[in-house]
Amino acid sequence: MSFWRSSFARCGLVLAILLVGLGTCWADPRTSNLWWMPENASEGGVYIDQLIYFILFLTGIVFVLTQIVYIFFIVKYRARKGVPATYSHGNNRLEIIWTAIPTAIFIGLWGYSNHLWWDVLHSTPPANSLQVGVAAYQFGFSFQYPGADGKLGKAEASFVSNDNMFGNDPSDPDAKDNFTSSVLEIPVNRPVHIRLDSKDVIHGFYIPQFRIYQDMVPGRMIDWVWFTPTKIGKFQLACSQLCGSGHYNMKADIEVVSQADFEKWYQEKAKAVQPQPGAKLTSVTETKDQ
Amino acid sequence: MSQTIAHSGAETHAGTAHHHELSFFNKYIWSEDHKTIAIQYLFASLFFLLIGGLLAMGVRYQLAFSGQPIPLIGSLLPRWLVTDAGAIQPQGYNGLVTMHATVMVFLVVMPLLVGVFGNFLIPLKIGAPDMAFPFFNALSFWLFFVSGIILLSSFFVPTGFPAAGWTSYAPLSANGAWNGSQAGQSLWCVGIFINGLASIAGAVNYITTIINMRAPGMKMFRLPLPVWALFITAILLLLAVPVLSAAAAMLFFDLNFGTSFFEASRYGQPLMWQHLFWFFGHPEVYILILPAMGLVSEMLAVFSRKPIFGYKAMVYAMAAIGVLGFVVWGHHMFVSGMNLMLSSAFSFSTMLIAVPSAIKTFNWLGTVWGGSIRFTTAMCFALSFVSMFVIGGLSGIYMASTPVDLFIHHTYFIVAHIHYVLFGGSLFGIFGAIYFWYPKMFGHMMNEFWGKVHFVLSFMFFNLTFFPMHNLGLNGMPRRIADPSLYDFLKSQQPLQIFVSLSAFGLGLSTLIFFVNFFYSMFKGPKAPRNPWNSTTLEWTLPSPPGHGNFPVTPTVYNGPYEYSVPGMDQDFLPQNQPAPETARVAVH
């Protein structure tokens with residue numbers, strides 16, 4: 001018995017070194033946020049982070065336990081003279097246990113995830129949401145804000161064209177005073193309800209700090225995405241869906257500012273607007289030929 | 001279960017020795033012998049593995065050393081790929097990414113598992129002289145080979161490789177003006193279509209052979225697990241691949257004949273492509289892992305000298321994966337813009353499909369438990385398969401959870417996940433299986449020492465390459481971005497990117513050890529005995545390599561596939577074709 005005990009000790013040592021090493025490698029990025037999740041900056045992101053840590057905890061335990069058992073078996077049951085293998089075809093009770101427990105865990109996890117998906121992340125956007133239209137094209141983003149009336153107006157994917165990037169309904173007066181911006185300027189702590197469309201191919205609306213991703217699909221007006229930024233600062237919107245030769249550099253700046261600063265920016269922009277349906281983007285043709 | 005009797009007489013095709021000497025062309029080029037076809041598949045897909053690996057090196061070079069000319073060969077590469085100075089261009093990078101994945105999925109892992117081991121093992125393991133349709137089988141290989149040449153030929157067209165990703169999402173892929181390589185994308189469609197025909201021909205063959213040509217006594221529940229895995233895989237192939245072929249044809253029409261199946265500006269449906277692609281694509285994921293699971297199960301049993309733990313549970317788990325595999329495709333599309341309710345449903349089915357994978361893992365642990373483990377190179381790869389598959393499986397749970405997917409979808413987290421399953425899983429299983437069945441294929445043993453060196457280096461560099469990718473993804477790095485340093489929130493990643501790339505180069509080099517061992521052993525390796533691993537299944541009762549027609553006398557099967565260490569026997573294995581001696585206490589199960 002001392003034989004396997006000593007090799008067990010050896011194996012334990014290797015395992016311990018591995019665990020400490022891996023732990024150190026992970027602890028550093030974990031504490032510095034260098035190679036870990038970027039600091040969350042939205043309300044919904046808090047819940048997503050909780051869920052991620054919950055799954056990390058769950059899968060971490062399963063991983064460590066199965067690997068410890070596995071490595072223990074591999075070391076303990078390596079071929080030794082005069083020790084035959086156990087003749088066993090299995091055990092039905094064990095099969096039932098290790099079918100039932102994972103099933104229960106996975107259904108529970110689904111319930112948790114699905115609750116978050118419906119009741120938090122995709123609940124009806126609050127009435128005080130700031131409406132912003134987001135249009136994507138090869139290779140850039142543009143943002144449309146409601147004018148003084150606070151309404152973006154109706155939009156449909158079938159109206160999307162070079163002259164009407166956001167697909168505004170030409171017959172809807174609410175859209176006449178909308179204005180556009182190349183920067184996504186949003187106030188902190190106020191829900192932002194975005195309406196996404198694409199002019200040509202599929203693009204991705206991805207802001208890691210907000211824990212948000214939604215494809216922008218040509219021919220489809222996607223209006224269920226909303227989020228509430230909670231930190232003032234500059235962020236970047238990255239296109240995360242391969243969209244052609246300029247994909248690698250398709251991005252836009254996001255500025256989350258205080259409510260007062262936003263109001264100032266908004267009033268200036270809204271005043272300067274000439275009412276016209278949608279907004280023509282001259283930059284479209286310029287960037288196309290990159 | 002009724003038992004199929006394939007041959008009434010004892011004398012078989014191989015036994016009657018009536019066949020004349022074949023010409024070189026008929027013996028090696030247009031061969032209808034399943035073993036030769038398997039070896040043809042092996043050579044072809046190892047060649048494609050080299051190409052796919054080189055493409056991956058290009059991808060990793062760009063991510064670590066963006067904008068720097070590729071040393072030595074940079075200036076020789078075509079201009080769609082590199083700048084005049086020899087640095088990779090963004091469009092060229094998109095092409096590299098696209099073709100690396102296309103080659104690895106369609107020309108490497110799928111043919112290695114299904115083409116090589118499906119062809120080689122099915123007839124030998126069930127006691128059949130050949131496949132049910134030998135002509136179809138040869139046709140399948142040559143269609144596959146032609147599809148590979150067509151896919152790779154886009155390297156030589158002026159606009160270069162297709163550049164819309166291996167998933168070829170429409171409408172980017174459906175319009176040459178948008179994706180930048182009309183010709184490359186068209187060749188992709190043709191290549192994938194023909195590749196699909198090859199898969200369908202193979203699948204029909206496997207299903208027919210397994211159902212009709214089992215030796216007397218080879219009941220379904222006496223089939224070795226690789227055969228079960230390949231049987232279920234063949235059914236998946238038959239149902240899933242035609243959908244991809246049809247979609248590829250439609251995409252080709254969109255590209256070249258002005259139809260608009262997928263282009264929104266002309267009332268097509270971009271999301272339809274995704275549904276068609278993933279309806280194929282998700283069963284495909286299981287096509288790429290199930291056979292490896294079967295091969296690994298067998299190696300674990302052989303080298304633990306134990307019956308497989310929970311044989312029937314293993315079979316039922318694979319069948320469950322096969323069925324559920326057809327109703328989970330939407331989990332690739334949680335953020336695609338499809339109805340949110342569908343995401344809920346697909347999330348549920350995806351959570352369920354994790355259960356059979358868990359069952360298999362526990363049964364592998366059970367198989368190793370109480371064993372008498374021999375650490376051959378094949379066993380090392382098989383053992384590491386289980387651990388790598390556990391990591392790949394557990395990381396899949398993150399994506400199955402819809403809210404988490406909002407954050408990590410299309411980041412490097414998913415790249416890490418797929419490589420843990422496809423490289424650490426499938427390819428490690430394949431490496432193990434090659435070391436294991438090489439003696440039967442070529443009549444020589446591979447070098448164990450260099451095999452171990454290959455294993456240790458691959459295992460180490462594999463983890464160093466792909467584990468940090470989880471961190472890159474959680475840090476917010478989108479996949480398929482040619483130059484992450486252009487993004488403020490990705491700038492701090494550069495040291496890790498370089499680390500990953502250097503590890504990837506190490507991984508690439510360590511694979512070369514395998515190639516040298518593989519070709520050297522073919523000529524200089526020690527002669528292989530009939531049964532070098534003391535294994536129970538039928539192929540090991542034949543000479544290495546087996547002759548044309550396989551079995552001189554049709555074997556009769558008396559036992560289950562994994563009767564190792566049966567109490568009351570002198571030797572620790574009971575071959576399937578030998579009745580148990582009086583003294584043996586074989587468990588009835």
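Helices α9(B) and α12(B) are oblique to each other, because their axes meet at an angle that falls in none of the other classes (under 35 degrees is roughly parallel, over 145 roughly antiparallel, 65 to 115 roughly perpendicular, and the rest oblique). In this predicted model, local features need pLDDT of at least 70 and side-chain atom pairs count only at pLDDT 80 or more, whereas totals for chains, interfaces and linings use all residues. Residues are numbered from 1 along each chain as its sequence is written, and chains are lettered from A and ligands numbered from 1 in the order in which they are written.

Helix α9 (residues 270-304) and helix α12 (residues 377-400) of chain B pack at about 125°, with axes 9 Å apart. Axes are lines fitted to C-alpha atoms, for helices over the stretch in contact, and angles run from 0 to 180 degrees between N-to-C directions. Helices (H or I, at least four residues) and strands (E, at least two) are DSSP runs, numbered from the N terminus. The crossing of α9(B) and α12(B) is left-handed, a term for a near helix turned anticlockwise from the far one by less than a right angle, with clockwise being right-handed. On the α9(B) side the contact comprises A292(B), V296(B), M299(B), L300(B) and F303(B), and on the α12(B) side A378(B), M379(B), A382(B) and F385(B); two residues are in contact if their C-beta atoms, placed from the backbone, lie within 7 Å. By class, these residues are nine nonpolar, no polar and no charged. Ala, Val, Leu, Ile, Met, Phe, Trp, Tyr, Cys and Pro count as nonpolar, Asp, Glu, Lys and Arg as charged, and the others, Gly among them, as polar.

A second helix pair in chain B consists of α14 (residues 412-442) and α15 (residues 448-474), packed at about 165° with axes 7 Å apart. This angle makes α14(B) roughly antiparallel to α15(B). Their crossing is left-handed. Among the contact residues are Y412(B), F413(B) and Y435(B) of α14(B), and F462(B), F466(B) and L474(B) of α15(B). The contact of α14(B) with α15(B) contains 13 nonpolar, five polar and no charged residues.

Chain B as a whole has 16 helices and zero strands. Its C-alpha atoms fill a box of roughly 75 × 50 × 50 Å along the principal axes. The radius of gyration of chain B is 24 Å, which agrees with the value near 25 Å for a compact globule of 589 residues; it is taken over C-alpha atoms, and the globule rule is 2.2 Å times the number of residues to the power 0.38.

Chain A is divided into domain 1 (2-79 + 88-121) and domain 2 (130-288), with bounds from an automatic or database domain assignment. Nine residues of domain 1 touch ten of domain 2. The domain 1 side has three nonpolar, four polar and two charged residues.

The contact between the chains takes 75 residues from chain A and 88 residues from chain B. Elements of chain A supplying at least two residues each include α2 (43-76), α3 (92-121) and β6 (203-207). The most come from α3(A), with 14 residues. The chain A side has 45 nonpolar, 23 polar and seven charged residues.

Some backbone features were also identified. The peptide bond between Q138(A) and F139(A) is cis, with omega about 0°, and F139(A) lies in the loop between β1 (130-137) and β2 (140-145) of chain A. Another cis bond runs from S544(B) to P545(B), with omega near -10°; P545(B) is in the segment after α16 (494-524) of chain B.
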